[in-house]
Amino acid sequence: MVQGMANWNTGQTQKWLQQYVDDWVAFYRKRTNDGDVASYIPALAQADPDDLGISIIGKSGMTVRSGDTDMSFTLQSISKVISFIVACMECGVSYMLDRVDVEPSGEAFNSIMHLEMQQVEKPFNPLINAGAITVGSILPGKTSDQRLEPIFQLLENMVGYRPKLNVDVYESERDSSMRNRAIGYYLLETGFLESDLNVTLETYFKQCSIEVTIDDLANIGMVLANDGMNIKTGEAIIPRQIARIAKVLMLTCGMYDASGKFATYVGIPAKSGVSGGIVAAVPPRVRDEPMPFTDGCGIGVYGPALGDEGNSIAGIRLLRHIANQWDLSIF
Ligand SMILES: NC(=O)CC[C@H](N)C(=O)O
């Protein structure tokens, strides 16, 4: 346990925390050997499996960054949180919840089987592929670029600049994603889609291919931790109710069918993507003894070596360690 200072926001404390985090990153980097980079999207297979980086941005502005901090990578499934938030903002919460459920599926993120076996009335949740593709069909706009515009806009409001589309990753996924096409056709057949399948899939592949850094993820986490407020600009950019639902979904469904374990051992709303990113939102909390980041923080992690469920294997272990050391759990 880190101990001994009453005020965690001093420069001295920052140096101290930095040393701890540097040690932890060095330690957990060895665990990248236990996983593999995603290869079913060929462009993602080029990532270096040994990479591991973390960025933690606190409400007071205190920042701790360590490891491979300057990598760019694509949002992948993390984009599902953003597209769901945008759809709720554009179409209303009740409209969206009538069309996509908020229950964990207990299946892999790209499962088709559960849709048919359980004869679901709507996709289980917006953070699995079936749910996210359905959300993409509801977003207003005739073309994929029109549908993506409010997604880019919200990201810009969260991270302070307009992120770019990684065209290589987009084309790679577009040309290889037979399974997502199969999910799309199933959704079309069952009447879940609200608009053209091809535009919807193009929207989905593009949103997954938006490029970010761990600092961007930390800023996104910070906005969510603060119920939709960008504390840097003082602007409320997501309605509180929608930010809260997003965090509930991250906690219950954000790490796919490892979400229960993540909630148990880490206890923070978080969302992963197959490129190796994780965004985590740590709300302010009350503790009897001084602890780092009690006023809340956003965390971005990058570690492209994935475990069986498709989450960054070293990233999850690093987050678990930090959450235990600093008592970050919301429970
Ligand atoms: N888990 C993920 O990040 C999956 C996203 C990826 N683009 C896919 O649809 O397969």
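Which domains does the domain assignment of the protein chain give? In this predicted model, the assignment gives domain 1 (11-73 + 212-326) and domain 2 (78-208). The centres of the two domains, taken over C-alpha atoms, are separated by 22 Å, and the contact takes 32 residues from domain 1 and 26 residues from domain 2.

On the side of domain 1 that touches domain 2, α10 (214-225), α11 (240-253) and β8 (277-282) each supply at least two residues, and α11 gives the most, with nine residues. By class, the residues of this side of domain 1 divide into 20 nonpolar, nine polar and three charged.

The ligand is surrounded by Q76, S77, F109, N110, N129, E173, N180, C208, G273, V274 and G310, a shell that draws at least three residues from each of domain 1 and domain 2.

Helix α6 (residues 144-159) and helix α9 (residues 197-208) pack with their axes 9 Å apart and at an angle of about 40°. Because an angle that is neither under 35 degrees, nor over 145, nor within 65 to 115 counts as oblique, α6 is oblique to α9. The crossing of these two helices is right-handed, and the contact is made by S144, R147, L148 and I151 of α6 together with V199, E202, T203, K206 and Q207 of α9.

The class make-up of two of these residue sets is tabulated below.

| Residue set | Nonpolar | Polar | Charged |
|---|---|---|---|
| Contact of α6 with α9 | three residues | three residues | three residues |
| Shell around the ligand | three residues | seven residues | one residue |

How values were computed: Residues numbered from 1 in each chain as written. Predicted model: local features only at pLDDT ≥ 70, side-chain atom pairs only at ≥ 80, totals over all residues. Axes fitted to C-alpha atoms, helices over the stretch in contact; angles between N-to-C directions. Helix = DSSP H or I, 4+ residues; strand = E, 2+ residues; numbered from the N terminus. Left-handed = near helix turned anticlockwise from the far one by under 90°. Contact = placed C-beta atoms within 7 Å. Nonpolar A, V, L, I, M, F, W, Y, C, P; charged D, E, K, R; others polar. Near = placed C-beta within 6 Å. Domains from an automatic or database assignment.
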